[in-house]
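Got your viewer open? Here is a short walk through the model, one selection at a time.

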Amino acid sequence: LFDGIYPFYPQQRKAAGFDISTIIVIVVFLTLACSFLLIIPGIRGRARLYWTLRVLLSLFVGVVIVVVQFTGDWETGWVQANTSYKSFSPALVNDDSGLHIGLAGVNVTLRGNPVRQINETIDYNEHFPWNFGADYDHSYSQGLQKGLPSPILYVAEKFTLQSPCAVHRQYRIAGHYASAMLWVAFCTWIISNILFSMPVLIYGGYMLLVTGAFMIFSLLSFSTVRNSPMCLIQIGTRTLHVAYGGSFWLMVAIGLICFVAGITIVAVHHLNLDLLKTFFDLREDKAEEHQEMPEVFINPHVVTKNL
């Protein structure tokens, strides 16, 4: 032992709550939302409510499209079991093992139950990337060199290129195309907001439908990994099963919202255009619509004198 720990365990890894990229995206969109809330008192009447609903809903759709690119809970799974903690050691620990699969990689979590066992703090969250430009096997080799706990290495080994499970390529390609579809959806979301501000309402509704369509395409792309059977992940005497996580179901909800909003805008445009203009604060005054002249008062003495 070296200062009470094994020398090939350099430090204890703590679980990460949020990725730094996720925090940056959320802060940017929150800044935009707060900036809008500062100017909302200057909008009079019922239009204030319409503006608030439109802007906040649009910002929520935009932030979700970007944030899910960096989240790691498209598929998740947890299992509690008694398992060996270190290689070549008979000591068993009771822990919660978690698997979190995202578009760009996989996170393996190990948390002791209780956290303090065998004179160590068992609280790990390790990320192994597989996005294009990253080397998953190299990250796994680094984990071996650092001496990560056996449950983490066992789960991470299932996704390597040499693993008999052969799921690395499926997850990597599916995540890549799902991410590409989401970036296209983000671009169409920007175009829809531009069209609504021009204003070209019906084309903005069409672009919302396109945005929802690309979200659904991304979900279909990621769900293709279910076509290949997943190896059993046996931790102790328990089996770790994965299911669709929060990011996946959040994208389903946002995609349906875009579809409903787009269909509603297109339908109202054909059925009741005045109602749609009212919601988007585009109504013109009746005097301007009919080009009526305002009432004019004439001094008869001045007119008589000029005549």
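Start with the aromatic side chains: this is a predicted model, and counting rings whose centres lie within 6.5 Å gives 18 aromatic pairs. A pair of aromatic rings is described by the distance of the centres and the angle of the planes.

Select Trp74 and Phe248 for a look at one of them. Their ring centres are 6.3 Å apart and the planes meet at 75 degrees, so this pair is edge-to-face; the cut-off for that label is over 60 degrees. Now colour by secondary structure. Trp74 sits in the loop between α2 (47–67) and β1 (75–84), while Phe248 belongs to helix α7 (residues 246–271), so the pair ties together parts that are 174 residues apart in sequence. Are these two side chains buried or exposed? Trp74 counts as buried, at 0% relative accessibility, and Phe248 is buried too, at 7%.

Next, jump to Trp183 and Phe186. With centres 6.1 Å apart and planes at 85 degrees, this pair is edge-to-face as well, because of that plane angle. Here both partners are in helix α5 (residues 168–197), 3 residues apart, which puts about one helical turn between them. Switch on a surface and check each ring: Trp183 is partly exposed at 38% relative accessibility, whereas Phe186 is buried at 19%, with the cut-off for buried being under 20%.

Go back to Trp74 and widen the selection. Which residues join Trp74 and Phe248 in one aromatic cluster? Add Phe128, Trp130, Tyr136, Phe159, Tyr171, Phe222, Tyr244 and Trp249 and you have it on screen.

Before leaving the rings, pick Trp51 and Arg54. The charged end of Arg54 sits over the Trp51 ring, 4.4 Å from the ring centre.

**Helices**

Show α5 again, this time together with helix α6 (residues 201–223). Two packed helices are described by the angle between their axes and the distance between the axes. For α5 and α6, the axes are 8 Å apart and the packing angle is about 170 degrees. Angles over 145 degrees count as roughly antiparallel, and α5 and α6 therefore fall in that class. What kinds of residues make up the contact of α5 with α6? There are 21 nonpolar and 7 polar ones, and no charged residues.

While α5 is showing, click on Ile190, which lies in this helix and is partly exposed, with a relative accessible area of 35%. Then measure across to Met207: the two C-alpha atoms are 9.2 Å apart in space, and the residues are 17 apart in sequence.

For a longer jump along the chain, try Leu57 in helix α2. Leu57 is partly exposed at 37% relative accessibility. Its C-alpha atom is 9.6 Å from that of Ile257, although 200 residues separate the two along the chain.

**Strands**

Finish with the strands. Select β2 (residues 92–101) and β3 (residues 105–117), which pair in the antiparallel sense over 7 bridges. The hairpin joining β2 to β3 runs through 3 residues. To find one of the bridges, pick His100, whose partner in β3 is Asn107.

Now add β4 (residues 120–129). β3 and β4 are paired in the antiparallel sense as well, over 9 bridges, and Arg116 has Thr121 of β4 as its bridge partner. Where should you look in the hairpin of β3 and β4 for a positive phi? Stop at Ile118, with a phi near 40 degrees, in a hairpin that has 2 residues between the strands.

How values were computed:
Residues are numbered from 1 along each chain as its sequence is written. This is a predicted model: local features need pLDDT of at least 70, side-chain atom pairs count only at pLDDT 80 or more; totals for chains, interfaces and linings use all residues. Side-chain values use heavy atoms; hydrogens and water are left out. Rings of Phe, Tyr and Trp (its six-membered ring) pair if their centres lie within 6.5 Å; planes under 30 degrees apart count as stacked, over 60 as edge-to-face and the rest as tilted. Helices (H or I, at least four residues) and strands (E, at least two) are DSSP runs, numbered from the N terminus. Buried means under 20% relative accessible area, exposed over 50%, partly exposed in between (1.4 Å probe, protein chains only). A charge sits over a ring if NZ of Lys or CZ of Arg is within 6 Å of the ring centre and within 35 degrees of the ring normal. Axes are lines fitted to C-alpha atoms, for helices over the stretch in contact, and angles run from 0 to 180 degrees between N-to-C directions. Angles under 35 degrees count as roughly parallel, over 145 as roughly antiparallel, 65 to 115 as roughly perpendicular and the rest as oblique. Ala, Val, Leu, Ile, Met, Phe, Trp, Tyr, Cys and Pro count as nonpolar, Asp, Glu, Lys and Arg as charged, and the others, Gly among them, as polar. Two strands pair if DSSP finds at least two bridges between them.
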